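Visitor: Please take me through one part of this protein closely, the sheet and what packs against it.

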Amino acid sequence: MSTLTNLNPKAAASLEKWHAMVASKDLSDIEAIIHPDAAFRSPMAFKAYQSAQAVALLLRTVLTVFEDFAYHRQLVSEDGLNVVLEFSARVGEKRLKGIDLVQFNDDGLIVDFEVMVRPFNGLQALGAEMGARLGHLLPAYKAGA
């Protein structure tokens, strides 16, 4: 892992847009930085959710679930197409920490967005809230469904 200066310029532009959207809590233009065939890998599901529509739906929803959300550190892979974003948040009374593993293509579009969360009780609270809001919609987006 290396500094952000090694980030592919198009990926850097998309990451900057991502941070601006998160800061404003407005993901209305999120599809502009997501590849149509992107995947979202949830800490609650073994199989990925597939399509830009699924990724956008999940990211928009989790942004409304998380309280006190903040990013803390960013790390970049040597190839300049992958970033690790460390974050903290709260779901109800449960505090959690996690990372977003974001992979971009050469055009700067997100092709894979994977989330890891700890501790387990924070993950459970997140999963319960996301399931209550999206459980009826998500099976249609499972890879291989």
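Guide: What follows goes through the sheet strand by strand, then the helices on it, then the pocket. The model is a predicted one. The sheet is open and has six strands in the order S2-S1-S6-S5-S4-S3, with mixed pairing. Its edges are strand S2 (49–50) and S3, each of which pairs on one side only.

Start from the S3 edge. Strand S3 (residues 67–76) runs antiparallel to strand S4 (residues 82–91), and seven bridges join the two. One pairing to look for is alanine 70, whose bridge partner in S4 is serine 88. Five residues lie between the strands of this hairpin, and glycine 80 takes a positive phi there, near 75°. On to the next pair: S4 and strand S5 (residues 94–104) are antiparallel as well, over ten bridges. Here leucine 85 has aspartate 100 as its bridge partner in S5.

Two helices pack on this sheet. Helix H1 (residues 9–24) touches S3, S4, S5 and strand S6 (110–118), and its direction makes about 165° with that of S3. Helix H3 (residues 120–134) touches S4, S5 and S6, with its direction at about 75° to that of S5.

Some of these elements also take part in the largest pocket, which holds about 330 Å³ of space. H1, S3, S6 and H3, together with helix H2 (52–65), are the elements that each give two or more residues to its lining. The lining has 23 residues, and Phe40, Ser42, Val62, Leu126 and Met130 are those nearest the centre of the pocket. By type, the lining comprises 19 nonpolar residues, three polar and one charged.

How values were computed:
Residues are numbered from 1 along each chain as its sequence is written. This is a predicted model: local features need pLDDT of at least 70, side-chain atom pairs count only at pLDDT 80 or more; totals for chains, interfaces and linings use all residues. Side-chain values use heavy atoms; hydrogens and water are left out. Two strands pair if DSSP finds at least two bridges between them. Helices (H or I, at least four residues) and strands (E, at least two) are DSSP runs, numbered from the N terminus. Contact means heavy atoms within 4.5 Å. Axes are lines fitted to C-alpha atoms, for helices over the stretch in contact, and angles run from 0 to 180 degrees between N-to-C directions. On a 1 Å grid over the protein atoms alone, a cavity is a set of points where a 1.4 Å probe fits but cannot get out, and a pocket is an open set with protein on both sides within 12 Å along at least five of seven lines; lining residues have an atom within 4 Å of a point. Grid points are joined across faces, edges and corners, and a volume is the space filled by probe spheres set on the points. Ala, Val, Leu, Ile, Met, Phe, Trp, Tyr, Cys and Pro count as nonpolar, Asp, Glu, Lys and Arg as charged, and the others, Gly among them, as polar.
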